[in-house]
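Colleague: I'm new to this structure and would like a close look at one part of it. Could you start with one pair of strands and work outwards from there?

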Amino acid sequence: MNQKFSAANIFTGYKLLGPGHVLITHADGTILEIAKIENAGDDIQYFEGILCPGFVNAHCHIELSHLKGKIPEKTGLVEFVQQVMKLRHVTEEEKAAAMQKADAKMYESGIVAVGDICNTADSITLKNKSKIRWHNFIEVSGFVDSTAKKRLAEMQELLRQFAVKNSSVCPHAPYSVSKNLFALINIHTKGQVISIHNQETKAENEFYQFKSGNFINLYKSLGIDIGGFEPTGKTSLQSWLPFFTQGQNIIAVHNNFINNEDVLFAKYQNNKLHFCLCANANRYIENVLPPVNLLIKNNCSIVIGTDSLASNYALSMMDEINILQKHFPQINLETLLQWATINGAKALGMDDELGSFEKGKKPGVVIVEGKQSKRVL
């Protein structure tokens, strides 16, 4: 039996239609059509607010859900990273319970897909049972060139443990991946979706340009020899992006300290680059926001992520939309919803099924009312 939904407005994934429309789906959620209300017949479910395709959370770390509220705010990235490393090891039961709770809340709020960073196998059991669709980014790090092959091999073994279609290895961040390791990741990710933390802190650019700043102290504290690293004299993005030459679909996450030259460089280098905003996490860690207007001005592909519960109060796409509306009021809701739906689906390579109300897709149905959202189907 078909299902029919109507609301004050319907967002298709691309645009707001206004009142007077009905979304019609199969019982299993597959989209049939959007009809005029006078042609839709009876048995229509009416809602206040906006009917919207399910949200796509382009960047998350569900493994870190047990760290909610344990790391102080606004310490800066270097201190935050050290705290994560110090606190992340707890019992398997505690980690599993926190992940299950986070997964349930994401699903209830209307998130249908997640690009999730994985450093361990901790989330495999959860994801095998989850109603959410996942892309697992198996994160590789190692800043010493001589260890590059070993580091990649270790994470490829983890990749095999996930044993699902939507998984790929990816670099952690420019400050934690050596030149040799970047080159190896490039070879092994041809045509795949990858992710990288980019320009989250000012110190990242400073390190690549001058080999100075807070990261020097981080390497010392970890006992990492950076004697072989030579500064490029360029920003972080302009230093790492040229390594990727195999048609990868790249999600660059955070982008707090990207500039206009970086954006122009990126558009010239790679037309499959998506910029992921994690505004609440950026405020939590660095107390900054990315230059969103700069990305819009340059017609960049923008997506939205929640980051982790170590760096955020909730894994809520509506919370991310709300903070962007607050600080960038000139951005209309239609644009923000595009970032949260179809753009995210395209970035993760899931737009064949998710992201928009198009015939044959099964994107989920969410109702957005005020500053809240919940799953309808």
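How many bridges join E11 to E12, and in which sense do they run, parallel or antiparallel?

Modeller: Happy to help! This is a predicted model, in which local features need pLDDT of at least 70 and side-chain atom pairs count only at pLDDT 80 or more, while totals for chains, interfaces and linings use all residues. Residues are numbered from 1 along each chain as its sequence is written, and side-chain values use heavy atoms, with hydrogens and water left out.

Now to your pair. E11 and E12 run parallel and are joined by four bridges. (Strands, E with at least two residues, and helices, H or I with at least four, are DSSP runs numbered from the N terminus; two strands pair if DSSP finds at least two bridges between them.) One place to look is Cys 276, which stands opposite Val 303 in E12.

The pair belongs to an open sheet of four strands with parallel pairing, in the order E9-E10-E11-E12. At its edges are E9 (193-198) and E12 (301-304), each of which pairs on one side only. On average, neighbouring strands here are turned by 30° against each other, direction ignored. (Axes are lines fitted to C-alpha atoms, for helices over the stretch in contact, and angles run from 0 to 180 degrees between N-to-C directions.)

Next, follow E11 to a helix that packs against it. The buried residues of H9 are in contact (heavy atoms within 4.5 Å) with strand E11 (273-277), as well as with helix H8 (236-240) and helix H11 (292-297). Helix H9 itself spans residues 260-269, and its buried residues include Asp 262, Val 263, Phe 265 and Ala 266. (Buried means under 20% relative accessible area, exposed over 50%, partly exposed in between, with a 1.4 Å probe and protein chains only.) Down the axis of H9, the buried residues fall within an arc of 165°, so they line one face of the helix. (The arc is that of the directions from the helix axis to the C-beta atoms.) The face turned away from that buried side carries the exposed residues Glu 261 and Tyr 268. This pattern has a simple background: an α-helix has 3.6 residues a turn, so residues three or four places apart point the same way.

The start of H9 is worth a zoom too. Asn 259 caps the N-terminal end of the helix, with a side-chain oxygen 3.0 Å from the backbone nitrogen of Glu 261.

For a companion view, turn to helix H7 (residues 214-222), where Phe 215, Ile 216, Leu 218 and Tyr 219 are buried. These residues sit on the same side of H7 because they cover an arc of only 160° around the axis. Helix H1 (77-87) and helix H6 (202-210) are among the elements that cover them. Just after H7 comes Gly 223, with a positive phi of about 70°.

Finally, another sheet to set beside yours: six strands form an open sheet with mixed pairing, in the order E3-E2-E1-E4-E13-E14. E3 (31-36) and E14 (372-375) stand at the edges with a single partner strand each, so one side of each has no neighbour in the sheet. The twist averages 45° from one strand to the next. Helix H2 (residues 92-109) packs on this sheet, touching E13 and E14, and its direction makes about 95° with that of E14.

Notes: A polar contact is a pair of N or O atoms within 3.5 Å; within protein, one must be able to donate a hydrogen and the other to accept it, and residues adjacent in sequence count only if both atoms are side-chain atoms.
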